[in-house]
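Work through the exercises below with the sequence and the coordinates open. Each one sets a task and then gives a solution in steps.

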Amino acid sequence: MKDKSHIFFIFSIIFGLIIIAQIADWLLKPASFDKFGHYRWNAVGEIQSQKIVNQNIKVCRECHKDIYQIHEKDAHYNVPCVDCHGAGNLHVAFHKGGKGAKNISVKQAVLKKEYNLEGCLYCHRKLAARPSDFPQIDVEQHFKFLNVTDQKTKCTDCHNPHEPIFLLTDVRNSRLHPIVYKCNDCHNKPVKSSYSDVPNHPKIFECKDCHAEIVNDFSQRPHHNYVECRTCHLFHKENETIGRIYKNGNAKFCLLCHEKKSFKSETYPPKIEWPSHISKIGYIKNGDEKTCLNCHSNQIHKMVLGNGKSPHKGNWRKEHKNFAFNKTTNKMNSSCSLCHQKDFCSSCHKLEMPHPGDFAEVHKDMIQKKGKTLCYNCHGRQFCAACHE
Amino acid sequence: MGFDMGHKDRRKFIKLGLYSSAGVLVGSFYAFSKREISPELKKYEDLLKFDWGFIVDTTRCIGCGACVRACKIENDVPDTYFRTWVERYEINNKEIVRVDSPEGAIESFKSNNYSDDIVKAFFVPKLCNHCYNSACTQVCPVGATFHSPDGVVLIDKEHCVGCGYCVQACPYGCRYINHEKGTADKCTLCYHRISKGESPACVNACPRNARVFGNLKDPKSQIRKILHQRRYGLLKPDLGTNPKCYYIGLDLEVK
């Protein structure tokens, strides 16, 4: 029994330490720790109370409605105000008044407005890593193309950043390219009416705005009633050919409509048997790269290469023939390859020019087989006369 | 005798020492402990309705750096540190990959790294992944970094001792030590903005909608819609951190 006292003493020390630890835990642990987890719950509130710096475009809209309305209709509609004008918290606080307004100087409240080239090039500099469908500028080339001599010229001298597409051109009222932009890019619900029926709708680029000649010509050809420009000129989105219109008249593409199949109507459109169609003609071998357009181009529209501008100026065919004739000494054996690389003509024309290599042997037979005696059954009326008088 | 006296004295001395040290401890705890009252802007139950997620569409990013600049101003991030940054990957025809991010792309990118033989190149914006099983919150010795009830990994600046364990633990390099404040720091998904119904500063600044932010618990939210429609990847999924930042169009080269 004598020994009890020291046990009691040890236990009392342990008990005392536990109590001290409990008190220490209660006192040292910050308030709200472990309330909802192993963290200080009040910290959440503290982080929440940090002040907002970057302003939302909705805040800007309250005062600058006029600019907002221009901005939202143009290509930069997705670019928020903060990207160019800075965060804007001081500007808003200063002009809204209230408690903090007194501490802000007028200078602090001014938004960024002046831009050098660099500001625009953050987004628009030409870089390999940028998506190819995003407009990118190689400044050196751009200036060279426009004959700009002063290298310090700013983008904003010509382009209004609030409405960048509205340049001093005929298409300044146009905005959206129908092949690039679709209605549902802006509209959530399917659109029933045409944009032209809606008053104040931003104008949309139409093919005829730029290619009036071709569109007029097309409207007189048989295809006009059944297909649109877009039916053939597919636009390749999201790849390296972006911005280019698909214009290779591949036979397979024409055959989608014009091949005879058991499940297709017999009446329209006109159908052909394939591949017996080419074997009938005889002159085309299987696997040859002849396209339907070689013979049927007059069914569609005038074939002008290169954005409506032919690289051959004026009455080129006639003039070049005479020019080439005078240049060469051996007039009987003159050929393109004397001056040009072998594939010079075929790089654009997809076939050997002026006549395919086997023209002399085969063309005559082909005409005989087809039973056609006039050149312009297959070619345009001026086709042969352009060279042969 | 002398031994007895000494024994009692020692006992008295130890007792006195213990009591006095306990008293000093208790007193100092009282003196130093702060009973703060913090503004609770949103209730715990309200926060449980959210699970904030993030989508980065690498196919849309143009590497302009607007997000980096916006983040820097919004959160007063010190120079040379970034809470979000944009990486550029360039692969040339010899299959050599180059990754760069000059100054976190705060001034965008000036030129291509390869002269003309780039076969593939793209931008990948990066930020804290706010992982479900985050490594950084597990290593904190003082419980200063935590998951908020709405699924954001936050740092308690009052409580953080700046030991830097979490900076080393993060496999994505998303944390840094803020030397001005002496604490660890990281992306908070702009917690002060999202709790007021705004989008994070980088999402607000993105001119191409390459960054999407939303509530993963809401089946009608845009973020869920995109995750159902698009094919996405995660950064370093093999680490099991289960990140909550989804990357659309992620390449194998991206780590």
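## Exercise 1: the antiparallel sheet of chain B

B:Thr84 has B:Leu127 in E4(B) as its bridge partner. Starting from this pair in a predicted model, describe the sheet around E4(B) and what packs on it.

Step 1. Extend the pair to the strands: E2(B) and E4(B) are joined by nine bridges in the antiparallel sense.

Step 2. Place the strands in order. The sheet is open, has three strands in the order E3-E2-E4 of chain B, and is paired antiparallel. Its edge strands are E3 (97-100) and E4 of chain B, each of which pairs on one side only. With direction ignored, neighbouring strands are turned by 20° against each other on average.

Step 3. Look for a helix on the sheet. H3(B) lies across E2 and E4 of chain B and runs at about 155° to E2(B).

## Exercise 2: the mixed sheet of chain B

Find the strand order of the four-strand sheet in chain B and identify its edges. Then state how E1(B) is paired and whether its residues are buried or exposed.

Step 1. The order is E9-E1-E11-E10 (chain B) in an open sheet with mixed pairing. E9 (211-215) and E10 (232-233) of chain B each have a single partner strand and stand at the edges, so one side of each is left without a neighbour in the sheet.

Step 2. Take the E9 side of E1(B). Strand E1 (residues 52-57) of chain B pairs with E9(B) over five bridges in the antiparallel sense. Within E9(B), B:Arg211 is the bridge partner of B:Val56, and B:Gly214 is opposite B:Gly53.

Step 3. Take the E11 side. Here the pairing of E1(B) with E11(B) is parallel, over four bridges. B:Val56 stands opposite B:Tyr247 in E11(B).

Step 4. Check burial along E1(B). Side chains in a regular strand alternate between the two faces of the sheet. One side of E1(B) carries B:Trp52, B:Phe54 and B:Val56, the other B:Gly53, B:Ile55 and B:Asp57, and all of these are buried. Six of the six residues of E1(B) are thus buried, so the strand is largely enclosed by the rest of the structure.

Step 5. Add the helix. H8 (residues 222-229) of chain B packs on this sheet and touches E1, E9, E10 and E11 (245-248) of chain B. The direction of H8 makes about 115° with that of E9(B).

## Exercise 3: core and contact with chain A

Which residues touch the most other members of the largest nonpolar core, and what does chain B bring to the contact with chain A?

Step 1. The largest nonpolar core has 71 residues, and those touching the most other members are B:Cys67, B:Ala70, B:Leu154, B:Cys202 and B:Ala205. H3(B) gives the most to this core, with five residues.

Step 2. Follow B:Ala205 outward, leaving aside neighbours within four places in sequence. In its own chain, B:Ala205 is in contact with B:Ala66, B:Cys67 and B:Ala70. Across the chains, B:Ala205 contacts A:Asn54, A:Pro80, A:Val82 and A:Asp83.

Step 3. Widen the view to the whole contact, which takes 54 residues from chain B and 40 residues from chain A. On the chain B side, H1 (2-32), H3 (66-75), E2 (84-92), E4 (118-127), H6 (191-194) and H7 (201-205) each supply at least two residues. H1(B) gives the most, with five residues.

Step 4. Classify the chain B side: 25 residues are nonpolar, 15 polar and 14 charged.

## Exercise 4: chain totals and confidence

Set the two chains side by side, then locate the stretch of chain B where pLDDT stays under 50.

Step 1. Chain B has eight helices and 11 strands, whereas chain A has 20 helices and two strands.

Step 2. Of the 255 residues of chain B, 38% count as buried; for the 389 residues in chain A the figure is 11%.

Step 3. Chain B has a mean pLDDT of 87, and 90% of its residues reach 70 or more. The stretch asked for is residues 33-39 of chain B, with 10 contacts beyond four places in sequence in the model. Where pLDDT is low, predicted coordinates should not be read in detail.

Step 4. For the model as a whole, the scores are ipTM 0.80 and pTM 0.63.

Notes: Residues numbered from 1 in each chain as written. Chains lettered and ligands numbered in written order. Predicted model: local features only at pLDDT ≥ 70, side-chain atom pairs only at ≥ 80, totals over all residues. Contact = placed C-beta atoms within 7 Å. Nonpolar A, V, L, I, M, F, W, Y, C, P; charged D, E, K, R; others polar. Pairing = 2+ DSSP bridges. Axes fitted to C-alpha atoms, helices over the stretch in contact; angles between N-to-C directions. Core = buried A, V, L, I, M, F, W, Y, C linked by C-beta atoms within 7 Å. Buried ≥ 20, exposed ≤ 12 C-beta atoms within 10 Å, placed from the backbone. pLDDT = per-residue confidence, 0-100.
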